[in-house]
Amino acid sequence: MSLLAGNAFAADSIPASLTGAKGDPARGRAIVANRQVGLCLLCHSGPFPEERFQGNLAPDLTSVGARYSEGQIRQRMVDSRKVNPQTIMPAYYESEGFVRVAPAYRGKTILSAEQIEDVVAYLATLR
Amino acid sequence: MSLRTALLFAASLLCARAGAGEIPPSERRSGYDLMSRETRAMQDDDATNPGMLWVLDGETLWNRKAGAADRACSDCHGDARESMKAVAARYPAFDAALGRPVNLEQRINMCRSKRQKAPPLAFESRELLALAAYVARQSRGLPINITIDARTRPFLEAGREAFFRRQGQLNLACAQCHDDHWSGKLAGSPITQAHPTGYPLYRLEWQGLGSLERRLRGCLTGVRAESYPYGAPELVNLELYLMWRANGMRMETPAVRP
């Protein structure tokens, strides 16, 4: 039991920045709002009045920074399967173990470490 | 047959009958049901349905002699309204010579090359889509009717397996969107249950008619998975699974979709 709880806790958060530096919230917002780069609004909605088409398959991102620490947000960005193995949220910082990836994306992560940090910094401001 | 095998057999029959078992038959919805009133009206009225332009072209091609044999489809098949009635509703169908299922476009092209002695039409060409739309129009309103036997079962199972397989950089299975989240919206678009009731169909986003395979390639590209070439066995297997999964639903060709 304690072992399980310990594991769950470890997988719930990645406290350290992937780049060692703090991200830029303004760049992070642009990534989240861009359906080709972040893809977030395919599934999520959020505080983006300028974006008419938002998804409803996932929680609204408004105030996500009040619900989760930066480390918890980072874990969900890097690989949400660690929190929920059945999740439909893509693992944004994983490049291995996928099936039949299109050549242009093979061996690549969806976002770079720097982009992840920008998104984490932005989401942390949503309180 | 022992009681145990009999029971197992009955159970497997039940499973096969209940479709994938993912969406109960009473909850099945065509993409039509999830469209706006305007788009439904566009589909319903032949005068406004843009797909009817292809159907009319198809009728012309049906009656036009072609190839070294100098034969028209109608020379052998007569009036399509009779001879092609309910045909599209049972495709993909098994072809004994190839030993695997072929879709309607492939079947038409087989007549092009074998019977008309004409070069096959390119996938998604205006001519092939027009002929397929004209043939499938003769199934409009009729129930999809895929029967599975020992020869086609392995292809159905391969299609089903592909439907449930996570793939691509986004690591998503067809079923995760179309079985689990069909009532949801992906960036504002209703996801739908992926029933192929209306193909070939006119898609407003395409500004033209397209085949089911074009749609499937779109969804594969969407999850950043490697696509398949038109006519690839993997796509036909998926088509077979989707059509079987929609057994009993009414054909809508030429449908309109956003």
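Let me begin where the two chains meet: the contact draws on 22 residues of chain B and 28 residues of chain A, and I should say at once that what we are looking at is a predicted model. Together, chain B and chain A bury about 2,100 Å², and 56% of that area lies on carbon and sulfur atoms. On the chain B side, three residues, B:Gln169, B:Ala187 and B:Arg224, supply 34% of the area that this chain buries against chain A, which is more than any other three residues contribute.

Turning to the polar side of the same interface, the rule finds 13 residue pairs in polar contact across it, counting pairs in which both residues have pLDDT 80 or more. The number of salt bridges between chain B and chain A is 1, and the partners are B:Glu226 and A:Arg106, whose closest N and O atoms are 3.3 Å apart. If we sort the residues of chain B that touch chain A by kind, we get 8 nonpolar, 9 polar and 5 charged.

Now to the chains one by one, starting with chain A. What secondary structure does chain A have? There are 6 helices and 0 strands, so that, read from the N terminus, the elements simply run α-α-α-α-α-α. The radius of gyration of chain A is 15 Å, and because the globule rule gives 14 Å for 127 residues, which is close, this chain is as compact as a globular protein of that length. Taken along the principal axes, its C-alpha atoms fill a box of roughly 45 × 40 × 30 Å. One backbone detail in chain A deserves a mention: A:Leu39 has a phi near 65°, a positive value in a residue other than glycine, and A:Leu39 sits in the loop between helix H2 (25-33) and helix H3 (40-43).

Chain B is a mixed case, with 11 helices and 7 strands. For its 258 residues a compact globule would have a radius of gyration near 18 Å, and the 19 Å of chain B agrees with that. Its C-alpha trace spans about 60 × 50 × 35 Å along the principal axes.

Among the strands of chain B there is an open sheet of 3 strands, in the order S6-S5-S7 and with mixed pairing. Why is one side of S6 (208-210) and of S7 (256-257) left without a neighbour in the sheet? Both strands stand at the edges and have a single partner strand each, so one side of each has no neighbouring strand there. Strand S5, residues 201-203, is joined to S6 by 3 bridges, and these two strands run antiparallel; within that pairing, B:Tyr202 has B:Leu209 as its bridge partner in S6.

Finally, two cis peptide bonds in chain B, which I take in sequence order. One joins B:Tyr91 and B:Pro92, with omega about 0°, and B:Pro92 lies in the loop between helix H5 (80-83) and strand S1 (93-95). Another joins B:Tyr199 and B:Pro200, with omega about -10°, and here B:Pro200 is placed in the loop between strand S4 (189-190) and S5, which brings us back to the strand that is bridged to S6.

Notes. Residues numbered from 1 in each chain as written. Chains lettered and ligands numbered in written order. Predicted model: local features only at pLDDT ≥ 70, side-chain atom pairs only at ≥ 80, totals over all residues. Heavy atoms only, no water. Pairing = 2+ DSSP bridges. Helix = DSSP H or I, 4+ residues; strand = E, 2+ residues; numbered from the N terminus. Contact = heavy atoms within 4.5 Å. Buried area = accessible area lost by both parts, 1.4 Å probe. Salt bridge = Lys/Arg side-chain N within 4 Å of Asp/Glu carboxyl O. Polar contact = N/O pair within 3.5 Å; in protein donor to acceptor, adjacent residues only side chain to side chain. Nonpolar A, V, L, I, M, F, W, Y, C, P; charged D, E, K, R; others polar. Rg over C-alpha atoms; globule rule 2.2 N^0.38 Å.
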